[in-house]
Amino acid sequence: QVQLVESGGGLVQAGGSLRLSCAASGLTFNSYATGWFRQAPGKEREFVAAITWSGGIIYYADSVKGRFTISRDNAKNTAYLLMNSLKPEDTAVYYCAAARFAMRDRNGYDYWGQGTQVTVSS
């Protein structure tokens with residue numbers, strides 16, 4: 001019943017921007033925190049950003065601070081990840097996830113999307 005669907009990935013040149021969206025259904029979206037994670041080839045899935053249900057508390061990985069912005073629109077049941085100043089090392093499959101509270105630990109999330117590919121060329 002619960003479904004998270006990411007969109008907005010694609011190919012972009014270094015220095016460019018993308019905005020990822022995570023559309024949720026089957027849950028009370030405004031009661032859940034949203035996390036964004038990414039997994040590059042040959043690497044573990046890593047934390048990117050998280051936001052509480054109210055949007056009042058936000059966490060970012062050090063690697064994306066100042067470049068990425070997480071947000072949400074509870075009325076639309078959608079969370080976003082705006083990625084600016086993209087670097088080749090940002091290339092990964094990006095996943096959104098839902099949990100009752102915001103955290104950095106991927107093991108604490110209850111639901112996951114299928115992922116969307118982000119490729120940043122040099």
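Leu4 has Ala24 of strand 3 as its bridge partner. This is a predicted model. Five bridges join strand 1 to strand 3, and the two strands run antiparallel.

**The four-stranded sheet**

Strands 1 and 3 belong to an open sheet of four strands. The order is 1-3-8-7, with antiparallel pairing. Strand 1 (residues 3-7) and strand 7 stand at the edges. Each has a single partner strand, so one side of each is left without a neighbour in the sheet. On average, neighbouring strands here are turned by 15 degrees against each other, direction ignored.

**The disulfide**

Strand 3 also carries one half of a disulfide. A search of the whole structure finds one such link. Cys22 is joined to Cys96, with an S to S distance of 2.1 Å. The link is right-handed, with 65 degrees about the S-S bond. Cys22 lies in strand 3 (residues 18-25), while Cys96 lies in strand 9 (residues 92-99). The two cysteines are 74 residues apart, so the pair links distant parts of the chain. A disulfide is a covalent bond between the sulfur atoms of two cysteines.

Are Cys22 and Cys96 buried or exposed? Cys22 is buried, because its relative accessible area of 2% is under 20%. Cys96 is buried as well, at 0% relative accessibility.

**Buried residues**

The table sets both cysteines beside Thr52, a loop residue.

| Residue | Relative accessibility | Class |
|---|---|---|
| Cys22 | 2% | buried |
| Cys96 | 0% | buried |
| Thr52 | 14% | buried |

Where does Thr52 sit? Thr52 is in the loop between strand 5 and strand 6 (58-60). Thr52 counts as buried because 14% relative accessibility falls under the 20% cut-off. Setting aside residues up to four places away in sequence, Thr52 touches Ala33, Ile57, Arg72 and Ala102.

**The nonpolar core**

In soluble globular proteins, nonpolar side chains tend to be buried together. The largest nonpolar core here has 38 residues. Trp36, Val48, Phe68, Leu81, Met83 and Tyr94 have the most contacts inside it.

Which elements give two or more residues to this core? They are strand 3, strand 4 (33-39), strand 5 (46-51), strand 7 (68-73), strand 8 (78-83), strand 9 and strand 11 (116-121). Strand 9 provides the largest share, six residues. Strand 9 is also where Cys96 of the disulfide lies.

Terms used. Residues numbered from 1 in each chain as written. Predicted model: local features only at pLDDT ≥ 70, side-chain atom pairs only at ≥ 80, totals over all residues. Heavy atoms only, no water. Disulfide = S-S within 2.5 Å. Buried < 20%, exposed > 50% of the residue type's maximum accessible area, 1.4 Å probe, protein only. Core = buried A, V, L, I, M, F, W, Y, C linked by side-chain atoms within 4.5 Å. Contact = heavy atoms within 4.5 Å. Pairing = 2+ DSSP bridges. Axes fitted to C-alpha atoms, helices over the stretch in contact; angles between N-to-C directions.
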